[in-house]
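User: I'd like a close look at the enclosed empty space in this protein and whatever sits around it. Could you walk me through it in one go?

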Amino acid sequence: MINKILIANRGEIAVRIIRACRELGIKTAAVFSTADRNALHARIADEAVCIGGPATKDSYLNMKAIIAACEITGADAVHPGFGFLSENAKFADMCRKCGIIFIGPDPESIEMLGDKAAAKAAMKKAGVPVIPGSDGAVRTTEDIKRIAEEIGYPLMIKASAGGGGRGIRLVNSPEELLPQATAAKQEALNFFGDDSIYMEKFIVNPKHIEFQILADKQGNVVHLGERDCSMQRRNQKVLEETPSVIMTPKLRDKMGSAAVAAAKVCHYCNAGTIEFLVDKDRNFYFMEMNTRIQVEHPITEFVTGIDIVKQQILIADGKPLPFKQKDISLSGHAIECRVNAESPEKGFRPSPGKIEALYIPGGPGIRIDSSAYQGYTITPYYDSMIAKLIAYAPTREEAIAKMKWALAEFIVEGVDTNIDFQLGLIRDPEFEKGTYDIGYLGRRG
């Protein structure tokens, strides 16, 4: 039985995990950097340990310091949240060797699925549709040219160990091929320490649809429906909704079954997300699998009534899933907007600083996941997210109307925010019709 969980993260996800632990009667320990001494997660956990300086390499990416914090606090489990060490196979293995429960998949699954080329091979084995492209990492100039000729243009070059929109290049012609491949390899090396790349056919104007799965240690796997994450800026998600307007019961069943098959072929355990691209003819293709909780998980919790973070903890503790696929139903519509301290008028430049005044909207169907409070200083060292604003209603039209007034009521003074930008998106005719795709914001400039 898990008695105490150390949260190896910060910000709103750390607060979210602490609250789930409280409801389960599990004690919590937080870690914080010197820049986060007054952060909410460090203040509300049962205990907190400083693990280093502001730089992530000295604190939230410092594996030895986090393991030491477990020993100091007596934590017998670690929840990595998202980002930082959440998809680090080495850290998961270190926890296992130290007798600490890692609340996530085993290191072997993380390593395999973190390599995009290996993941693609596994999906083929499971019969999951994949985007035409290279069968593995492409290492030579000759192979890059040969594969480009085979799959045709436009095509995408992606970092094998990538994520978060890094190491991705669109190639429209042979003249662009080698310069873009070089740029992708360099960015991959800079961000992931691995310059290996793979290539795949570029699907024109697709929808980005992801399926949430839960898998227990007894081999049971279920999906919790889809999330439409197509509203993106530079390969970064801006807002998400569920269900998707393009979804039909038949397509959901087909994609959900593929997501479950993907998890089973990898012997996956815990929460995960399978991401697909869906073309204009509703053909879908596996893109990648995220081996962690997602930023946008709250919208799935709204429409299913299932607490995904609690299920993560219970699965890690050896408990079987308390429901089967036939027990899961989707009800209503939910939208999430990411409220960031940034200035859209200045190229989305981060806007660190002290929050002088804060008013957070509320009411039926409104949820705020945040670690911000009045007087809190947003540091320049980490991501600029202030809050996730989620609106839920029986219909999509009602959820959009609810999000409009919630954004209009959301007040943050002292730093610039993207609230007006998000309000513009919610009011956009293409969003209201649901006809947007992953290239929509790019085309709009």
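How many cavities of 30 Å³ or more does the structure hold?

Analyst: Keep in mind that this is a predicted model. The structure holds two cavities of 30 Å³ or more. Rolling a probe the size of a water molecule over the atoms shows where empty space is left.

Let's start with the largest cavity. The volume of the largest cavity is about 40 Å³, and its lining is made up of Lys-116, Lys-120, Ile-131, Tyr-198, Glu-200, Phe-286 and Met-287. Going by elements, α6, β8 and β13 each give two or more residues to that lining. By class, the lining has four nonpolar and three charged residues, with no polar ones.

Helix α6 deserves a word here. It spans residues 116-126, and its buried residues are Lys-116, Ala-117, Ala-119, Lys-120, Ala-122 and Met-123. Two of those names, Lys-116 and Lys-120, also turn up in the lining of the largest cavity. What covers the buried residues of α6 includes α5 (107-114), β6 (155-159), β8 (197-201), α9 (249-265) and β13 (284-290). So β8 and β13 show up in both roles: they are among the cover of α6, and they give residues to the cavity lining. Just after α6, Gly-127 takes a positive phi of about 80°.

Some of the elements around α6 have backbone quirks next door. Most residues other than glycine have a negative phi, and most peptide bonds are trans. In the loop between α7 (141-151) and β6 you'll find Pro-154, and the peptide bond from Tyr-153 to Pro-154 is cis, with omega near -5°. There's another cis bond on the way into α9: Pro-243 sits in the loop between β11 (236-242) and α9, and the bond joining Thr-242 and Pro-243 is cis, with omega about -5°. Then, in the loop between β12 (270-278) and β13, there's Arg-282, which has a positive phi of about 65° although it is not a glycine. Arg-282 is partly exposed, with a relative accessible area of 41%. Arg-234 also has a positive phi, about 55°, and is not a glycine either. That one is in the loop between β10 (221-233) and β11, and Arg-234 is exposed, with a relative accessible area of 69%.

Now for the second largest cavity. Its volume is about 40 Å³, and the residues lining it are His-79, Pro-80, Gly-81, Ser-86, Phe-102, Ile-103, Gly-104, Pro-105, Thr-291, Arg-292, Ile-293 and Gln-312. The class split here is five nonpolar, six polar and one charged.

If you're also curious about open space, look at the second largest pocket. It holds about 210 Å³ of space. Of the 14 residues that line this pocket, Phe-102, Gly-104, Pro-105, Asp-106 and Lys-217 are the closest to its centre. The elements giving two or more residues to the pocket lining are α4 (89-97), β5 (101-102) and α11 (308-316). Its lining divides into nine nonpolar, two polar and three charged residues. Phe-102, Gly-104 and Pro-105 are worth keeping in view, as they line the second largest cavity and are also among the residues closest to the centre of the second largest pocket.

Helix α11 brings in one more residue, Gln-311. With a relative accessible area of 10%, Gln-311 is buried. Not counting residues up to four places away in sequence, Gln-311 touches Leu-214, Ile-306, Leu-321, Pro-322 and Phe-323. Right beside it in the numbering, Gln-312 is one of the residues that line the second largest cavity.

To recap the enclosed space: the largest cavity draws two or more lining residues from each of α6, β8 and β13, with three charged residues in its lining, while the lining of the second largest cavity has one charged residue and six polar ones.

Key. Residues numbered from 1 in each chain as written. Predicted model: local features only at pLDDT ≥ 70, side-chain atom pairs only at ≥ 80, totals over all residues. Heavy atoms only, no water. 1 Å grid on protein atoms, 1.4 Å probe; cavity = no way out; pocket = protein on both sides within 12 Å on 5 of 7 lines; lining within 4 Å. Points joined across faces, edges and corners; volume = space filled by probe spheres on them. Helix = DSSP H or I, 4+ residues; strand = E, 2+ residues; numbered from the N terminus. Nonpolar A, V, L, I, M, F, W, Y, C, P; charged D, E, K, R; others polar. Buried < 20%, exposed > 50% of the residue type's maximum accessible area, 1.4 Å probe, protein only. Contact = heavy atoms within 4.5 Å.
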